[in-house]
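Colleague: I am new to reading structures, and I would like to go through this one with you slowly. Could we take it one question at a time?

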Amino acid sequence: MMLSVRDLRVSFRTQEGLVRAIDGVSFDLREGEILGVVGESGSGKTVSLLAVMGLITDPNAIIEGSIRYRERELVGLPARELRRLRGNEIAMIFQDPMTALTPVYTIGGQIAEQIRAHKRVSKSQALERVEELLAEVNFPNPREAMSRYPHQLSGGMRQRAVIAMALSCNPALLVADEPTTALDVTVQAGILDLVRKLRATHNSAVVFITHDMGVVSELADRVMVMYAGRVVERGSRTELFSDPQHPYTRALLGSIPPLTGEKPRRLPAIPGSPPSLLRLPDGCAFGPRCPVNYEPCRTGKPVLGDGTHAAACFRVQA
Amino acid sequence: MIYAILRRFGQMLFVMFGISVIVFLIFFATPGSDPAARIAGRNASPEVLEAVRHNFGFDRPLYVQYGLMMKKIFVTGDLTSFVNRGWKVVPAVLDSIPVTLSLVFGAAVLWVVVSIVIGIVAAATRDSWVDKLLMALGLLGISMPVYWLGEVMNLITQSRYHDTWLFSWVPPLGYKSFSDDPKGWFLALVIPWVTLAILYIGIYGRVLRAAIIESMQEDYIRTARAKGLSETRILLRHALRTSLIAFVTLFGLDFGALVGGSALLTEVVFGLQGIGKLTYDALQSLDLPMIMATVMYASMFVVVANAIVDFVYILLDPRVRTS
């Protein structure tokens, strides 16, 4: 197993008390696998992966549990050693390409900087590699693009530059945090192609965070659905889409408009809104919004079972 | 980039022209006042008054008067002070420029270097006792008025402790020309430099610290961390560079104002015959030609300093280059 996360808990000390953003998340990732992480805003999908990257810098954050990457424990690893992994073996692509690049340096310079932080190469060798990378992410004119500043590129181009940067050291694990949310649909398709190609050529494992079920169904091998800081269902793509078990997953899938057949007059929506992490309901966090909740849901918290396809729901487990 | 610089230079000339017209109009075209009488000074004889009137072209149209004035200041340089009996104004201004420039330039080097160091160290050690100590010292520096601090400095270095090993090198008050005596120039200015710089070190250190801490919240800092860069490199290359923009803006304004005469208090305290002192004396004796010349000079410096700031912007921030 390349990445193995066990019982990860992330809490933040705030004025109103301790907020548990991630509550016991566990998952595994094999080499070359694409894992889709789905959930609403605030469900903890970004925070859990930021924890994996060691990028939670808030001094009020408490991270517990275990994150093992290739048999190395990342929780509590000295900053120096973590830095050697970050950008080198584990890379991350962020949501908003408009703000993800430093505005005052050229694209080429910023990518070369990462290469030179990890590999012993000369500046010109690094720049040659940058040119290759930019060609790989389909820049029409990579040599010219290298001397461009971020503000001179379109959103899609910037995201390609960010991806080229993430790929610069051939990472074994790539974390993509909603990389297509800020982009047009056509550009989005290009980026998804790129992620697929990348897995094919570099055999990188990818964690793809998104709230777009359509993207997941196209890209992911396995899917993990998160709600209020917990994993509520996980399974292979086919299992999850053909046989969704958790009421939340079903509701999510139900809110995608069908491509064929009669369109519903109104798209079904999940009633209510996600709970505040400060005041989670007793029992199942999804309980108050759940159409099928019954007595046990109000008292106990359902736990995700073992097995490849599992759902944290008393109805399913009963 | 060249085009942006040239265009900024053109703007600068235009602004200077505008300022010269406005300053001229304020002094010479204010309704109900007779500029000739003010130039000639109190109790001037009718002959002198007539000579002034003719000399400055007050019997001719306004634009001729403006032209004559500019000619006297910038071309022939023979603008004469009547209040001070034939004192040539332009050489007096030119003589005081090196004094003020020496004072302000040296202080500026000191405050820029020290405040950058303080800003970086405070931001890097944010909320620690080092940060708190530096910011408290900065506040202290800002709170001390420069005339008071200058007098205290003089009290310590010129009288009370002058005979100790620590301050025996401090020369008596006054300015020494750099070309005559470089060492004397330096020694005479050390204490004034420190005195003038302390206020600005406080302000700039605090401003830079705040700007760096703000930049450290940006998304691109998270990207830089994800790249695996060291915290030092992130701070110095990614956060500092973008934070310097606010710093440079402030610097342009303060430097221009100081060179244009705002260093008056420091000049008076340390007996330096600079441009601030000159303007102050001219205002005291209502010496209109002198006021005219120093105001023109001061405004030009503010304009030039701002243009330099804009050039530095172009270097610092690529986004400014194209627009």
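Modeller: Before we count anything, helices (at least four residues) and strands (at least two) are taken here as DSSP runs, numbered from the N terminus. Please also keep in mind that this is a predicted model.

Colleague: With that in hand, how many helices and strands does chain B have?

Modeller: The C-alpha trace of chain B spans about 80 × 60 × 35 Å along its principal axes, and 37% of its 323 residues count as buried. Among its contacts with a separation of 6 or more, 70% are between residues 24 or more positions apart. As for the elements, chain B has 14 helices and two strands.

Colleague: Which residues of chain B does UniProt list as "transmembrane region"?

Modeller: The annotation comes from an unreviewed UniProt entry, and two of the listed spans can be set beside the model. Residues 97-121 of chain B are 100% helix, with end C-alpha atoms 35 Å apart, and residues 290-316 of chain B are also 100% helix, with end C-alpha atoms 39 Å apart. The full list in the entry is residues 12-30, 97-121, 133-150, 185-207, 244-270 and 290-316 of chain B.

Colleague: Is Tyr204(B) buried or exposed?

Modeller: Tyr204(B) lies in helix H8, residues 182-215 of chain B, and, leaving aside neighbours within four places in sequence, it is in contact with Trp111(B), Ser115(B), Phe247(B) and Leu250(B). A residue is called buried if 20 or more other C-beta atoms lie within 10 Å of its own. Because Tyr204(B) has 24 C-beta neighbours inside 10 Å, it counts as buried.

Colleague: At roughly what angle do the axes of H9(B) and H10(B) cross?

Modeller: Two packed helices are described by the angle between their axes and the distance between the axes. The contact is made by Tyr220(B), Ile221(B), Ala224(B) and Arg225(B) of H9(B), together with Ile234(B), His238(B) and Ala239(B) of H10(B), and by class it has five nonpolar, one polar and one charged residues. The crossing is right-handed, and the axes of H9(B) and H10(B) come within 10 Å and cross at roughly 145 degrees.

Colleague: Which element gives the largest share of the side of chain B that touches chain A?

Modeller: In this meeting of the chains, 19 residues of chain B are in contact with 23 residues of chain A. The elements of chain B that give two or more residues to this side are helix H9 (219-226), helix H10 (231-262) and helix H14 (318-322). By class, the side of chain B that touches chain A has six nonpolar, five polar and eight charged residues. The largest share, seven residues, comes from H9(B).

Colleague: Turning to chain A, where does UniProt place the feature "domain: ABC transporter"?

Modeller: The span in question is 39% helix and 27% strand, and its end C-alpha atoms lie 26 Å apart. The feature comes from an unreviewed entry, which places it at residues 5-253 of chain A.

Colleague: Within chain A, which residue is the bridge partner of Gly36(A) in E9(A)?

Modeller: Gly36(A) belongs to strand E3, residues 34-38 of chain A, where five of the five residues are buried. In a regular strand the side chains alternate between the two faces of the sheet, and here Ile34(A), Gly36(A) and Val38(A) point one way while Leu35(A) and Val37(A) point the other way. E3(A) runs parallel to strand E8 (residues 205-210) of chain A, joined by five bridges, with Gly36(A) opposite Phe208(A). E3(A) also runs parallel to strand E9 (residues 222-227) of chain A, joined by four bridges, and there the partner of Gly36(A) is Val223(A).

Colleague: Which residue of E2(A) is the bridge partner of Ser11(A)?

Modeller: An open sheet of four strands in chain A has the order E2-E1-E4-E5, with antiparallel pairing, and its edge strands are E2 (17-29) and E5 (72-73) of chain A, each pairing on one side only. Strand E1 (residues 3-14) of chain A pairs with E2(A) in the antiparallel sense over ten bridges. In E2(A), the bridge partner of Ser11(A) is Arg20(A).

Note on methods. Residues are numbered from 1 along each chain as its sequence is written. Chains are lettered from A and ligands numbered from 1 in the order in which they are written. UniProt positions are given in the numbering used here, feature names are shortened, and annotations may be inferred rather than shown by experiment. Two residues are in contact if their C-beta atoms, placed from the backbone, lie within 7 Å. Ala, Val, Leu, Ile, Met, Phe, Trp, Tyr, Cys and Pro count as nonpolar, Asp, Glu, Lys and Arg as charged, and the others, Gly among them, as polar. A residue is buried if 20 or more other C-beta atoms lie within 10 Å of its own, exposed if 12 or fewer, and partly exposed in between; C-beta atoms are placed from the backbone. Two strands pair if DSSP finds at least two bridges between them. Axes are lines fitted to C-alpha atoms, for helices over the stretch in contact, and angles run from 0 to 180 degrees between N-to-C directions. A crossing is left-handed if the near helix is turned anticlockwise from the far one by less than a right angle, and right-handed if clockwise.
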